[in-house]
Amino acid sequence: MPDEKHDLPPDSGSGGSPLSQPAHTLPYEAVIKELSTGLDEGLAPEEASRRLQQYGPNKLDEGEGVSLVKILVRQVANAMMLVLILAMAVSFGIQSWIEGGVICAVIVLNIIVGFFQEYAAEKTMESLHSLSSPTGTVSRGGQTFSVPSSEIVPGDMVELRTGDTVPADIRLVEAVNFETDEALLTGESLPVQKECDATFKEDTGPGDRLNMAYSSSTVTRGRGRGVVVSTGMFTEIGSIALALRASGNKRRQVKRGPNGETKKRWYVQAWSLTWADAVGRFLGVNVGTPLQRKLSKLACLLFGIAVVFAIICMAANEFSSNTEVIMYAVATGISMIPACLVVVLTITMAVGTKRMVERNVIVRKLDSLEALGAVTDICSDKTGTLTQGKMVVQKAWIPSRGTYSVGPSNEPFNPTVGDVTFTPIPPSQLDHEKEGTTTENAEGLVSGNRQLEDFLDVASMANLSHVYKSEEGEWNARGEPTEIAIHVFASRFNWNRDRWIKKGQGTVWHQQAEFPFDSTVKKMSVIFSKITPQETRTMVFTKGAVERIVDSCTSVIWDQDSSTPVPITNDHREKIMQNMEELAKLGLRVLALAHRPYTAQTQLLEDADLNREDIENDLCFLGLIGLYDPPRPETAGSIQACYRAGIVVHMVTGDHPGTAKAIAQQVGILPTNFNAVAADVADAMVMTASQFDKLTDEEVDLLPTLPLVIARCAPQTKVRMIDALHRRGRFAAMTGDGVNDSPSLKHADVGIAMGQAGSDVAKDASDIILTDDNFASILNAVEEGRRIFDNIQKFVLHL
């Protein structure tokens, strides 16, 4: 590797490796060439050792660690505590032992409680270390072997298989049905399909860089191979670690003129403001929750009044040096200081914390509960918080019959919950507010309905999931989220796969062959033989991406109530795509189902060598099925309650813009009719992360409103959103569950983590944890926070 490249500063895209551009923007051949490595042989062992010395071990820096002294100093460095310490010193000075002892006990109690809370919060970084992979499989000098992940260096060729944890940020050079779960980094609930040949624009977010595999993500399917481009703190997860550690710039910037010129008085002004900020932070009058700031200001005011009263007492006695006069003056001053206020605060918060446990909220920092009462904006993740975090089928369209719709349910695996409605028109003509009447018995819709039978055959047979009822009577499922949703839909009509293929006397369908999902063809197919006394036939069942299925179809059952296939025409294809787009507008992920008779062989062996291209050809199009991650039933009501309480809800999600917008409209974050909103406001309401990140802070501040929905969010986007809210004087809470959420959870005024789906890093970075992962529980916490604020306000007025 040329030496001059080693000295180049790493950029945001290339991490610790000396690439000319971010890795996702370059073809993999160019990445390999710039990293001076071999596609097959990898690095020479000597070169790998040299790079380990140059770039350092592939692990997250421990930083300076937790400083016990700094934490202790922070407990004392606020106005109320300083006033109490002064009052204690004066009390002991005038030999008022009882009063001095009481104040001392209050101070010690408050320091101990605050110290242990903050010490636990400062341990966040340690959770990140447990995410890294212990080993990785690399090729060096033509040999493939495992090495500790800490010894992996930029330029190493790494092999990845199902179940592996990715050891570093990798530019893929080979991907065979390769999918990774990046939920920790992007918040997306579904695994991401990777492709090695694609390149992307520089401003593409991490979730859309399909040619990259990121450190700490896990391989859920297939195999891949790639070249390491970033290690340690230069990986995506390393940048999150840096964001967690960042404390922000506390120095005021010097004012500059249009041409960058400045003046001496502007330097003096910046220094003065910086000094004033430092004093304010020390006294606690410009940091902390609104209540803490008010109490710090109250403490300073009371201290001033105490000094004035002491001076008045001394003046009334002509500043006599008599001991009794001095004691009386000091006692008068100390009486102005409410020593019991700190105790009342602590007790009130502790009682509130205990009450909140019963309402599914665990409070990690006492003052955050009061802070929630002052929240004006909540930035919430979508998946698992506003939504259920599980896929369900909402619509299914069979051209010759109509549209089947499934109503909301809180049990996504239970096929007996949720109303099924049928409307004999396609989705493009459907008024989603006025759908057909609810069917009491969904199984009855199948009787005499051959088109629906064929559709359900594909839904249940071309499916590797298992949906079953446990001995306790609970519905459970295992498999891919998409396949589970389709299987549950089939089970609503009593068309569960087990009914037809379970071993025994009643077996109807016998599996002959299977072609798993392949990212290159975007389809999966199975061959089943139906053997009954009435008939014996063999069928190919296929499902997959709509455009790929339509291209493989030569016929379609189109005419209303007809069961006879007709040749598929361009007009048919246009109408299919039109209906697909209509379903996609609802935020649904749309798949197509198709079948055909298989007549090439009467008997097939399970391991027969079959040509996949021949099998998945000449198909008959059966219909579309639309799935989504549904909102929790209580979410819409909770968001309306937030608006009534004066709280604005923002959705910040790693999901696609169309899906995010549709869900936001369903739950009431966005208006259903954008025509009623001014054009510039409507444009600002929904943005992608790339659009938002391109704006400067000044341009963000000039927006008529901050976005209510930001899609394809990266960790730094969420932090910028919190900063934008702060510049507008807003008090922000942030919810999240992934590692990607931890910087914004720590940066927000109140960080709220999910207890069930949340990562340890997110929980450690948060102030409050929801044990049921439910957005509605935030309202409980806000209500309790406001009640605590009222109680403290009443006590202060009473004083």
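Student: Why are helix 16 and helix 17 called oblique to each other?

Tutor: This is a predicted model, and in it helix 16 (residues 450-461) and helix 17 (residues 481-492) pack at an angle of about 135 degrees. Roughly perpendicular covers 65 to 115 degrees and roughly antiparallel means over 145, so an angle outside those ranges and not under 35 counts as oblique. That is why helix 16 and helix 17 get the word oblique.

Student: What makes the contact between helix 16 and helix 17?

Tutor: Helix 16 brings Phe455, Leu456, Ala459 and Ser460, while helix 17 brings Ile486, Phe489 and Ala490. The two axes lie 8 Å apart, and helix 16 passes helix 17 in a left-handed crossing.

Student: Is histidine 595 buried or exposed, and how do you know?

Tutor: Look at its relative accessible area, which is 9%. Buried means under 20%, so histidine 595 counts as buried.

Student: Where is histidine 595 found, and what does histidine 595 touch?

Tutor: You'll find histidine 595 in strand 21, residues 589-597. Leaving aside residues up to four places away in sequence, histidine 595 touches Asp454, Val458, Met539, Val540, Phe541, Leu619, Cys620 and Leu622. To count as a contact, heavy atoms have to be within 4.5 Å.

Student: Which residues of helix 23 are buried?

Tutor: Helix 23 runs over residues 657-667, and Ala660, Ala662, Ile663, Ala664 and Val667 are buried there.

Student: And what covers the buried residues of helix 23?

Tutor: Quite a mix: the cover includes helix 15 (382-386), helix 20 (570-585), helix 22 (635-644), strand 22 (619-628), strand 23 (648-652) and strand 25 (709-711).

Student: What follows helix 23?

Tutor: Glycine 668 does, and its phi is positive, near 95 degrees.

Student: Which residues does the "transmembrane region" annotation cover?

Tutor: According to the unreviewed UniProt entry, the annotation covers residues 76-94, 100-121, 298-319 and 325-351. Annotations like this may be inferred rather than shown by experiment.

Student: How much of residues 298-319 is helix?

Tutor: Over residues 298-319 the chain is 86% helix and 0% strand, with the end C-alpha atoms 28 Å apart.

Student: Now the whole chain: how many helices and strands does the protein chain have, and what share of its residues count as buried?

Tutor: There are 30 helices and 28 strands in the protein chain. Of its 799 residues, 52% count as buried. The chain exposes about 36,400 Å², and carbon and sulfur atoms supply 54% of that area.

Definitions and conventions
Residues numbered from 1 in each chain as written. Predicted model: local features only at pLDDT ≥ 70, side-chain atom pairs only at ≥ 80, totals over all residues. Heavy atoms only, no water. Helix = DSSP H or I, 4+ residues; strand = E, 2+ residues; numbered from the N terminus. Buried < 20%, exposed > 50% of the residue type's maximum accessible area, 1.4 Å probe, protein only. Areas by Shrake-Rupley, 256 points an atom, 1.4 Å probe, with all protein chains shown as cover. Axes fitted to C-alpha atoms, helices over the stretch in contact; angles between N-to-C directions. Left-handed = near helix turned anticlockwise from the far one by under 90°.
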